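Okay, thanks for squeezing me in this morning. Let me put the model up, and then I'll walk you through it.

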Amino acid sequence: MKLDVFFSQLAHKIRASEVRELLKWQEKKKIISFGGGFPDPELYPVDELADIARDVILLYRGEALKYGTTEGLDELREEILKFMKRFGIKVGGLDNVIITSGSQQAIDILSRILIDPGDVVIVEKPTYLAAINAFNLSSPKYYGVPMDQEGMKIDTLESLLKEIKRRNERVKFVYTIPTAQNPTGLTMSNERRRRLIELAEEYDLLIVEDNPYSYILFEPVKYEHLKSLDKTGRVIHLSTLSKVLVPGLRIGWVIAEEDITRKMVLAKQSMDVCSSTFSQYIAYEAFRRGLIDKQLKILPKFYKRKRDLMLCFLEEYMPEKTHWIKPIGGMYIFVSLPDVVDTRELLTEALNRGVCYIPGDSFFIDRSGRNTMRLNFSYPKAHEIEEGIKILGELFREVVDKRLFTKVAA
Ligand SMILES: Cc1ncc(COP(=O)(O)O)c(C=O)c1O
C-alpha cells in the first residue's frame, strides 16, 4: 500500500537528522564515534542519581508521578532562577522560566510560534544542525553570518540587516550559540555581544541565545550572557541539563519575557502536556543536593584532557594544510581539510574503516564547507581518540596524495 500519499506537506519537509542516522549505524557496528554530541557516560553520576530517583518516589510519592503543569515544577523553576542568577541572568520571577523536554523542544516550539513562511531567520555560519532542521518546518528564509575568533562577525551582520531592511523583508530573530559554539567551539567577544544587543534594538528583532555549553569551559573566558545584557526583553535564553548532568532526563529551560513563555506554554500543551514530572523532581533534587555543582567542577577538567588529546593527534596525523579551531569549551573540534578532501563523499569509506564524524556541510545553511568536519571529543575513550584520528588522517592523506599524483601525471 502506498502510504506516502497520506503524509502532510509538513511531513514531507521532515528530513532525517544526519546525526541520528549515523548514530544508528554506530550502534550496529563497532565504530569509533566522533559523531554525536554525547557526554562521556563515565561522567554520569549513576549512584547519586539512583539514590535520588529512589528518594523522589518515596518522598514525593504520587506528586512525582502525576501529570505536572505545562510550565514545569515550581520548585525546579526556583532552583533554575537561582542558578541563572549566579551566571548574571536576573529576571522577574517564575513566570519568566519554563521547563522544556530538552532545549531541542524549546527550539521546536520557537520555530512554531515565531516563524511564518518566508520570515527571515539569521544564523551563524556554521550552526547547530538540529536547529536548522526544526526551523525548516516553518519555512523561513535564512541568512548566514560568518564567524571568526570573536564569534559571529557583527559588522557583516550589520550590513546584512541594512540590506534586508532595504529589501523590505521581515527578520524575526537571530539564532546564536554565543559561548563554546556548536560546531566550532568559538565564543563571541563581549564587545560583539553588546553590539548584537544594540542591533537587535535598532532593527527591532529577537535574539535566541542557545546555551548548552557555557558550563564546560577550558580557559578562563570573560563573557556575559546576552540575556544578562538584555534591557528590553528581546533575548530568549535556552539552556539544558543534557551536557552537565545526563541527556536522558530531557530537562531544558527557557528564560524569556512573560509574553513569550506564555505562548510557548500554550504550544507545549498540545505537544506533550508537560515535561516528565519524575525527571523534573530528579533535576530539582540534583540542584538541591549540590550534584549539579559537583558536575560543574569535574566536567571542564575531564573534557579538557580529551580536547588536548584530540588536538595533539590531529597535529600528528592530519595532512598538511589542515586547520582547526582550538575550542575554548564545549565538546567539538571543527576541522578544515585541504580543498580536495570532500568529507561527505568520504564518510562511507570512513565508516567502513570504523570511524564516524559529521561532514561539515551539514552545519552550513548553504551547504558549503564540503572540506570541513565536526569531531566530537567528549564521548570517545582516550585510546579511541588516537586510533580514530590516525584512521581519518590516513584516509585523508591518501586522498590528498592521489589528487596530487593525478595532477602531476596530467
Ligand atoms: C547548540 C545545541 N542546542 C540544543 C541542543 C539540544 O540539547 P537537549 O535537547 O539535549 O537539551 C544541543 C545538543 O547537542 C546543542 O548542541
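I'll start with the ligand, then go to two helix pairs, and finish with some backbone oddities.

One thing up front: what you're looking at is a predicted model.

So, the ligand. There are 13 residues around it, and the ones that come nearest are S103, D210, Y213, T240 and S242. If you sort that shell by class, you get 4 nonpolar, 6 polar and 3 charged residues. Which helix gives the largest share of the shell? That's helix α5, residues 102-114, with 3 residues.

Now for polar atoms facing the ligand's oxygens. Y213 puts a polar side-chain atom 2.6 Å from a ligand oxygen. N182 also uses a polar side-chain atom, and there the distance to a ligand oxygen is 2.9 Å. With Q104 it's a polar backbone atom, again 2.9 Å from an oxygen of the ligand. And how much of the ligand's accessible area does the protein cover? On its own the ligand has 400 Å², and 93% of that is covered by the protein.

Let's stay with α5, but look at its packing. Its axis comes within 10 Å of the axis of helix α10, residues 258-272, and the two cross at roughly 105°. An angle from 65 to 115 degrees counts as roughly perpendicular, so that's what we call α5 and α10. On the α5 side the contact includes Q105, A106, I109 and I113, and on the α10 side I260, M264, A267 and M271 are among the residues involved. Taken by class, this contact has 8 nonpolar, 1 polar and 5 charged residues.

The other pair is α7, residues 154-166, with α8, residues 190-203. Their axes also come within 10 Å, but the crossing angle is roughly 10°. That's under the 35 degree limit, so α7 runs roughly parallel to α8. I154, L157 and L161 are among the α7 residues in the contact, and α8 brings in R192, R195, L196, L199 and Y203. Here the split is 6 nonpolar, 5 charged and no polar residues.

Last bit, the backbone. Most peptide bonds are trans, and most non-glycine residues have a negative phi. Remember N182 from the ligand? Its peptide bond to P183 is cis, with omega near 15°. P183 sits in the loop between β6 and α8. That loop also holds A180, which has a positive phi of about 50° without being a glycine. There's another cis bond from K125 to P126, omega near 5°, and P126 is in the loop between β3 and α6.

That's what I have, thanks.

Conventions. Residues are numbered from 1 along each chain as its sequence is written. This is a predicted model: local features need pLDDT of at least 70, side-chain atom pairs count only at pLDDT 80 or more; totals for chains, interfaces and linings use all residues. Side-chain values use heavy atoms; hydrogens and water are left out. Axes are lines fitted to C-alpha atoms, for helices over the stretch in contact, and angles run from 0 to 180 degrees between N-to-C directions. Helices (H or I, at least four residues) and strands (E, at least two) are DSSP runs, numbered from the N terminus. Angles under 35 degrees count as roughly parallel, over 145 as roughly antiparallel, 65 to 115 as roughly perpendicular and the rest as oblique. Contact means heavy atoms within 4.5 Å. Ala, Val, Leu, Ile, Met, Phe, Trp, Tyr, Cys and Pro count as nonpolar, Asp, Glu, Lys and Arg as charged, and the others, Gly among them, as polar. A residue is near a molecule or strand if one of its heavy atoms lies within 4 Å of it. A polar contact is a pair of N or O atoms within 3.5 Å; within protein, one must be able to donate a hydrogen and the other to accept it, and residues adjacent in sequence count only if both atoms are side-chain atoms. Accessible areas come from the Shrake-Rupley method with a 1.4 Å probe; for residues, only the protein chains shown count as cover.
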